[in-house]
Amino acid sequence: MGEHYNHKKIRKAKTAQRGCVIWFTGLPGSGKSTLANGLEKRLNETHLHSYILDGDIVRQGLNNDLGFSPRDRAENIRRIGEVCKLFIDAGVFVLAAFISPYHAHRDMVRKLFREADFIEIYVKCPVLECERRDPKGLYRKARVGQLENFTGITAPYEEPLNPEIIIETNILSLNDAIDLIIENLIKMGFLYYNTSL
């Protein structure tokens, strides 16, 4: 059949980047999607290929058959992990913003990748500040019993034990938080070819 055609190597050469998963985890309202959008904007400004996955996106289509029970949450994360693998193979930065409240679920998705290809960012923010922001009014609904299994109120959130990066959104501005993420990506070797971000 001739020489094996290495698709992944060719894609990496064309895009001048190595794909990775940047997994944002944190309480509802902590700022995961805001950070992911800010990071994507910064990456796009220098023509780096990225794609955002968040709860709203996947639950509208791919995972619209899942609820919020522990079993459904696990399946939600498993499917997302498999989608992330496809993006990694294409050499894309996947910015995955999900509450993913359980250690076991985050460990499960981490194990789908080489150690160097998975970066966990703990988007840390006190629950009272998240509740004060409450962009969708979900905390309010959970407090009055209109939402079951709501993380931080009626369901637990297990803080990451050893995340690669911690961003405290109640302390850092968005620009400072993105700068910190970029700085870490450079140190980890993902942006070594372009440090002008």
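**Group meeting: helix α4, aromatic pairs and two positive phi values**

Let me start with Phe87, which is partly exposed in this predicted model, with a relative accessible area of 21%, so that it sits just outside the buried class, whose limit is under 20%. Its ring partner is Tyr51, and because the two ring centres are 5.0 Å apart with the planes at 15°, the pair counts as stacked. Tyr51 is in strand β2, residues 50-54, while Phe87 is in helix α4, so far as the chain is concerned 36 residues apart, and Tyr51 is likewise partly exposed, at 39% relative accessibility.

Staying with helix α4, residues 70-89, we have 20 residues reaching 29 Å from first C-alpha to last, close to the 28 Å expected at 1.5 Å a residue. Its buried residues include Arg73, Arg79, Cys84 and Ile88, and the helix is followed by Gly91, whose phi is positive, near 80°.

The search of the whole structure finds six aromatic pairs. Another of them joins Tyr139 and Phe150, with centres 4.9 Å apart and planes at 85°, so this one is edge-to-face; Tyr139 lies in helix α7 and Phe150 in the loop between α7 and β5, 11 residues apart in sequence, and both residues are buried. Ring pairs also link Trp23, Phe98, Phe113 and Phe118 into a cluster.

Finally, two residues other than glycine deserve a mention for their backbone: Ser100, with a positive phi of about 35°, and Asn149, with phi near 55°. Ser100 lies in the loop between β3 and α5 and is buried at 3% relative accessibility, whereas Asn149, in the loop between α7 and β5, is partly exposed at 35%.

Technical notes:
Residues are numbered from 1 along each chain as its sequence is written. This is a predicted model: local features need pLDDT of at least 70, side-chain atom pairs count only at pLDDT 80 or more; totals for chains, interfaces and linings use all residues. Side-chain values use heavy atoms; hydrogens and water are left out. Helices (H or I, at least four residues) and strands (E, at least two) are DSSP runs, numbered from the N terminus. The expected span of a helix is 1.5 Å times one less than its number of residues. Buried means under 20% relative accessible area, exposed over 50%, partly exposed in between (1.4 Å probe, protein chains only). Rings of Phe, Tyr and Trp (its six-membered ring) pair if their centres lie within 6.5 Å; planes under 30 degrees apart count as stacked, over 60 as edge-to-face and the rest as tilted.
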